[in-house]
Amino acid sequence: MAPKLPNIRYEHTPPVMSIAEVEQRLTPKSSLDLVTVAQALHWFDLPNFYDQIKWALKKPNGVIAAWCYTLPRVNGTVDTAIDRYYSVVSKPYWDPLRKLVDNEYRSVDFPFGAVDGDGETGPFEFVSEKVMDLEAFLQYLRSWSAYQTAKDKGVELLGSDVVEEFKRAWESDEEGGDGKKIVKFPVFLRIGKVGEI
């Protein structure tokens, strides 16, 4: 789905690669200005990944930025349905690594220096907003790894009772009558740079 741009190369790689494979398939040593990781750092073999990042980023100021987002917020009624869906309905299907996201990447090992003089690497919080109707929101819930895990086990987390609960919550305070709401995603950013290594 990402746009094809002349200055960007997308590469799907194996989950674990040696430094030699990184150099052969991706990039020479000390050649990258920036590496980004969106909603995925908690899945990585961090010691191996960090070794590769420190090898690939330009010295001394190559930057790594990794972020996650936690449960979206809509309004009190919808938020109650989201919280129940997350903590009750989908809970048995989350991987234990999800706790790193729940903790806003605060407990993720992040061995990089601060980008600016404040000495902090985060997490820094901001909010991303998206206008969604109920169907788009339910489609977002279907993208959750817990939903996919349940589905693989023959369990439908968004059964008619759960969808009806979301529908009632969504329609409880119609804003403008078009069925669309602003969905706010709390985002937590860790950002750092490599040193003279």
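**Helix 3 and helix 7**

I started with the helix pair 3 and 7: the axes of helix 3 (residues 76-89) and helix 7 come within 8 Å and cross at roughly 160°. The model is a predicted one. Angles over 145 degrees count as roughly antiparallel, so I entered helix 3 and helix 7 as roughly antiparallel to each other. The crossing of helix 3 past helix 7 is left-handed.

Next I listed the residues in contact. From helix 3 I noted Thr77, Val78, Ala81, Ile82, Arg84, Tyr85 and Val89, which meet Val162, Glu165, Phe166, Ala169 and Trp170 of helix 7. Sorted by class, this contact has 9 nonpolar, 1 polar and 2 charged residues.

**Helix 5 and helix 7**

I then looked up a second partner of helix 7. Helix 5 (residues 134-142) packs with helix 7 (residues 160-171) at an angle of about 135°, and their axes are 11 Å apart. Helix 5 and helix 7 are therefore oblique to each other. I recorded their crossing as right-handed.

On the helix 5 side I found Leu134, Phe137, Leu138 and Leu141; they meet Val163, Phe166, Lys167 and Trp170 in helix 7. The class count for helix 5 with helix 7 is 7 nonpolar, no polar and 1 charged residues. Phe166 and Trp170 are among the helix 7 residues that meet helix 3, and they are also among those that meet helix 5.

**Whole chain**

I went back to the overall description. The protein comes to 7 helices and 4 strands, in the sequence pattern α-β-α-β-α-α-β-α-α-α-β. Its C-alpha trace spans about 55 × 40 × 35 Å along the principal axes.

I noted that buried residues make up 39% of the 197 residues. The exposed area is about 11,400 Å², and carbon and sulfur atoms supply 54% of it. For contacts between residues at least 6 apart in sequence, I have 79% joining residues at least 24 apart.

**Helix 2 and Gln52**

Which residues of helix 2 are buried? I list Leu46, Phe49, Tyr50, Gln52, Ile53, Trp55 and Ala56. The buried residues of this helix pack against helix 1 (19-25), strand 1 (34-38) and strand 2 (63-69).

I picked Gln52 out of that list; Gln52 lies in helix 2 (residues 46-56). Buried means under 20% relative accessible area, and Gln52, at 12% relative accessibility, therefore counts as buried. Not counting residues up to four places away in sequence, I found Gln52 touching Met17, Ser18, Ile19 and Val22.

**Phe110**

I placed Phe110 in the loop between helix 4 (98-102) and strand 3 (124-132). Phe110 is buried, with a relative accessible area of 8%. Its C-alpha atom is separated by 8.9 Å from that of Leu46, although the two are 64 residues apart along the chain. Leaving out residues up to four places away in sequence, I have Phe110 touching Tyr50, Ile64, Thr121, Arg190, Ile191 and Gly192.

**Val194**

Val194 is found in the segment after strand 4 (181-193). I entered Val194 as buried, with a relative accessible area of 1%. What does Val194 touch, not counting residues up to four places away in sequence? I wrote down Lys54, Leu57, Lys58, Lys59, Pro60, Asn61, Gly62 and Phe112. I also checked Val194 against Asp178: they are 16 residues apart in sequence and 48 Å apart in space, C-alpha to C-alpha.

**Backbone checks**

I looked for cis peptide bonds. The bond from Lys59 to Pro60 is cis, with omega near 5°, and I placed Pro60 in the loop between helix 2 and strand 2. Lys59 and Pro60 are also among the residues that Val194 touches. Gly122 and Pro123 are joined by a cis peptide bond with omega about 15°. Pro123 sits in the loop between helix 4 and strand 3.

I then turned to positive phi values. Gln39 is not a glycine, yet has a positive phi of about 55°. I found Gln39 in the loop between strand 1 and helix 2. Gln39 is buried, with a relative accessible area of 19%.

Glu104, again not a glycine, has a positive phi of about 60°. Its place is in the loop between helix 4 and strand 3. Is Glu104 buried or partly exposed? At 21% relative accessibility, I count Glu104 as partly exposed.

Definitions and conventions: Residues are numbered from 1 along each chain as its sequence is written. This is a predicted model: local features need pLDDT of at least 70, side-chain atom pairs count only at pLDDT 80 or more; totals for chains, interfaces and linings use all residues. Side-chain values use heavy atoms; hydrogens and water are left out. Axes are lines fitted to C-alpha atoms, for helices over the stretch in contact, and angles run from 0 to 180 degrees between N-to-C directions. Helices (H or I, at least four residues) and strands (E, at least two) are DSSP runs, numbered from the N terminus. Angles under 35 degrees count as roughly parallel, over 145 as roughly antiparallel, 65 to 115 as roughly perpendicular and the rest as oblique. A crossing is left-handed if the near helix is turned anticlockwise from the far one by less than a right angle, and right-handed if clockwise. Contact means heavy atoms within 4.5 Å. Ala, Val, Leu, Ile, Met, Phe, Trp, Tyr, Cys and Pro count as nonpolar, Asp, Glu, Lys and Arg as charged, and the others, Gly among them, as polar. Buried means under 20% relative accessible area, exposed over 50%, partly exposed in between (1.4 Å probe, protein chains only). Accessible areas come from the Shrake-Rupley method with a 1.4 Å probe; for residues, only the protein chains shown count as cover.
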